[in-house]
Amino acid sequence: MKEYELTIQIKQPHCGGKFPYKREILEIETDDPVAYVKNREHSIADEYFTVFYEENELTVYVNFERYDAKYIFTEI
């Protein structure tokens, strides 16, 4: 399995005094980052995903009507 530093940014609703994003950083092991996100987002449909590949980074965007999340996988 590959090791990744995973940064999760979740857009929060506009409320008084809250930061616009909630950010979490994890170190994980997985062979399939997209499957990891789908499992974490509990059976989300494919049409809500956008995936971008860069040199050592994979970014998965999750977009619902009122929920946006960005999962950034950086290989360690």
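Q: Helices (H or I, at least four residues) and strands (E, at least two) are DSSP runs, numbered from the N terminus. Read along the sequence, what pattern does the chain follow?

A: Going along the sequence, you meet β-β-α-β-β-β. That comes to one helix and five strands for the chain. Before we go on, bear in mind that this is a predicted model: local features need pLDDT of at least 70 and side-chain atom pairs count only at pLDDT 80 or more, while totals for chains, interfaces and linings use all residues. Residues are numbered from 1 along each chain as its sequence is written, and side-chain values use heavy atoms, with hydrogens and water left out.

Q: How do I read the sheet, and in what order do the strands come?

A: Start with pairing: two strands pair if DSSP finds at least two bridges between them. Here, five strands make an open sheet, ordered β2-β1-β5-β4-β3, with antiparallel pairing. At the edges stand β2 and β3; each has a single partner strand, so one side of each has no neighbour in the sheet. From one strand to the next, the twist averages 15°, where axes are lines fitted to C-alpha atoms (for helices over the stretch in contact) and angles run from 0 to 180 degrees between N-to-C directions.

Q: How many bridges join β1 to β2, and how many join β1 to β5?

A: β1 and β2 run antiparallel and are joined by ten bridges. For an example, take Glu3, whose bridge partner in β2 is Glu29. β1 and β5 are antiparallel as well, with seven bridges joining them. There you can find Leu6 standing opposite Phe73 of β5.

Q: What do β3 and β4 form?

A: They form a hairpin, with three residues between the two strands. Their pairing is antiparallel and runs over five bridges. One to look up on the structure: Tyr53 has Leu58 in β4 as its bridge partner.

Q: Now the helix. Which residues of α1 are buried?

A: Buried means under 20% relative accessible area, exposed means over 50%, and partly exposed is in between (1.4 Å probe, protein chains only). In α1, which spans residues 33–40, Pro33, Val34 and Val37 are buried. They cover an arc of only 105° around the axis, which places them on the same side of α1; the arc is taken from the directions from the helix axis to the C-beta atoms. The general idea is that an α-helix has 3.6 residues a turn, so residues three or four places apart point the same way.

Q: What do the buried residues of α1 pack against?

A: Contact means heavy atoms within 4.5 Å. These buried residues pack against β1 (2–11), β2 (21–30), β3 (49–53), β4 (57–63) and β5 (68–75). Just after α1 comes His42, which takes a positive phi of about 55°.

Q: How many salt bridges does the count come to?

A: A salt bridge needs a side-chain nitrogen of Lys or Arg within 4 Å of a carboxyl oxygen of Asp or Glu. By that rule, the count is one. The pair is Arg40 and Glu24, whose closest N and O atoms are 3.2 Å apart. This pair links distant parts of the chain, with Arg40 in helix α1, Glu24 in strand β2 and 16 residues separating them. Arg40 is partly exposed at 31% relative accessibility, and Glu24 is also partly exposed, with a relative accessible area of 31%.

Q: Is Thr7 buried or exposed?

A: Thr7, a residue of strand β1, is buried, with a relative accessible area of 13%. Leaving aside neighbours within four places in sequence, Thr7 is in contact with Arg23, Glu24, Ile25, Lys70, Tyr71 and Ile72.

Q: Where does Tyr61 lie?

A: Look in strand β4 for Tyr61. Tyr61 counts as partly exposed, at 27% relative accessibility. Tyr61 and Thr50 are eleven residues apart in sequence, yet their C-alpha atoms are 5.0 Å apart in space. Neighbours within four places in sequence aside, the contacts of Tyr61 include Tyr48, Phe49, Phe52 and Ala69.

Q: And across the chain, what percentage of the 76 residues count as buried?

A: Of the 76 residues, 28% count as buried. Among contacts between residues at least 6 apart in sequence, 40% join residues at least 24 apart.
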